[in-house]
Amino acid sequence: MEFKDRQAQIVGYGGAATFARPELARACVRFQRRLPLIAAAVLALLLAVGASLTYAADPADSKPLQIYFVDVEGGQSTLFVTPDGHSLLIDAGWPGNDFRDADRIAAAAHDAGIQKIDFVIITHYHDDHVGGVPQLVQRIPVGTFIDHGANSEPDGNFSKNVYGAYQQVLATGKYQHITPKPGDKLPIPGLNVLVISADGAVLQAPLPGAGQPNPYCASTPVPPADKTENPRSLGTLITFGQIRILDLGDLTAEKERDLMCPNNRLGKIDIFIASHHGTESSDSAVLVHAISPRVAIVDNGAKKGGSPSVLDTIKSSPGLAGMWQLHYSEESGDSHNAPAQYIANAKGTETGAYLKLTVKPDRSFTVYNSRTKESKELAVATPSRK
Ligand SMILES: [Zn+2]
């Protein structure tokens, strides 16, 4: 009776089978009972494959890149987190201050949902960039350190101790260590990270699509050479989808000229992380106006960087959609600073407010100010800025 009923059900599913052996029939019944489950599993698999194909075919719909501009009070610390959770930190802020900078970096990592920082670039060995490394590695695991090689200021009265402390961290043997040259590509999953400058050398060949004469070379005075670690900064061009992001650490103007004259070797840039915290010995028009960024972020402090001339150079750059600052620059006053909504830490405050960019591969992005809790959307720009 039972068998006959089930056989009828089997036929009802479209099968015309008859079963000479009851055990075979029972196996088919078990299969039939599981059919809805099997169908659901196949459907889920097909949806997953479809989603991955969509990701590959249409990156504009895929997950964004997150960039945190951590406020380290006039130093640098910029955290990139890719859609699949890989991470790159450019510089670690200052030493001292009872873990202030390490805690702010760890908070950004937590906000992005990561438990480890895969790669840390140390642009150069000044306090406000490498000084925070010993505290950073106590707050969050790090995979690989990347730097330009030996310190060029062994007798510098402010960089000696922080360089030694960084070397002690490397000497623990817990970390990978890379010392690249201009033109090298760094092995960071999900991002194309090309070294533009390192240890005083700059990229020699123009990037694909770049190499046009730079009209700003003739009208910009030749700057004096800087003898410190600044011109040895490890600078990178980071490409995500079609978005191009430039960070040259504290590279100074004579190296900007080496890189950008007579021909613009970089082409146009979407997001420019202002060099040297917006200090007047960097960020010449030779660089800034030639790369004509859509957005510039100045990681200045209240009393460090954010020079009036640099803020003016950036604001007058062709094609600029917005300039954001980590702090109101006291030196620059209201006439040179960006409007208040573009400043993370307002006049007279040091609250550790940060800026965050959320970048889609289609070149649209959002800039978020953690003080105002406001986001500004920047639409897709055309044509391609390469
Ligand atoms: Zn600096």
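Asp 128 and His 277 are both buried, and each of them helps coordinate a zinc ion. Keep in mind that this is a predicted model. Besides the metal site, there's a run of antiparallel strands to look at, with E18 paired to E19 and E19 paired to E20.

**The zinc site**

- The zinc ion picks up its donors from Asp 128 (OD), His 129 (NE2), Asp 250 (OD) and His 277 (NE2), at 2.1 Å.
- Angles between the four donor atoms run from 86 to 160°, so the arrangement counts as irregular; a tetrahedral call would need all angles between 85 and 135 degrees.
- Along the chain, the donor residues follow the spacing D-H-x120-D-x26-H.
- Asp 128 sits in helix H4 (residues 127-130), while His 277 is in the loop between strand E14 (271-273) and helix H9 (285-291), so this pair ties together parts that are 149 residues apart in sequence.

**Strand E19 and its neighbours**

- Strand E19 (residues 365-369) is mostly covered, with four of its five residues buried.
- On one pairing, E18 (residues 355-359) runs antiparallel to E19 and is joined to it by five bridges; Leu 357 has Val 367 in E19 as its bridge partner.
- E19 also pairs with E20 (residues 374-378), again antiparallel and over five bridges, and here Phe 365 is matched with Leu 378 in E20.

**The two turns**

- The E18–E19 hairpin has five residues between its strands, and Arg 363 in that turn has a positive phi of about 85°.
- In the E19–E20 hairpin, four residues separate the strands, and Lys 373 in the turn has a positive phi of about 65°.

Definitions and conventions:
Residues are numbered from 1 along each chain as its sequence is written. This is a predicted model: local features need pLDDT of at least 70, side-chain atom pairs count only at pLDDT 80 or more; totals for chains, interfaces and linings use all residues. Side-chain values use heavy atoms; hydrogens and water are left out. Buried means under 20% relative accessible area, exposed over 50%, partly exposed in between (1.4 Å probe, protein chains only). Two strands pair if DSSP finds at least two bridges between them. Donors are N, O and S atoms within 2.8 Å of the metal (3.2 Å for Na, K and Ca); water is not among the atoms, so sites may look incomplete. Four donors count as tetrahedral if all angles lie between 85 and 135 degrees; four count as square planar and six as octahedral if opposite donors are over 155 degrees apart and all others between 65 and 115; anything else is irregular.
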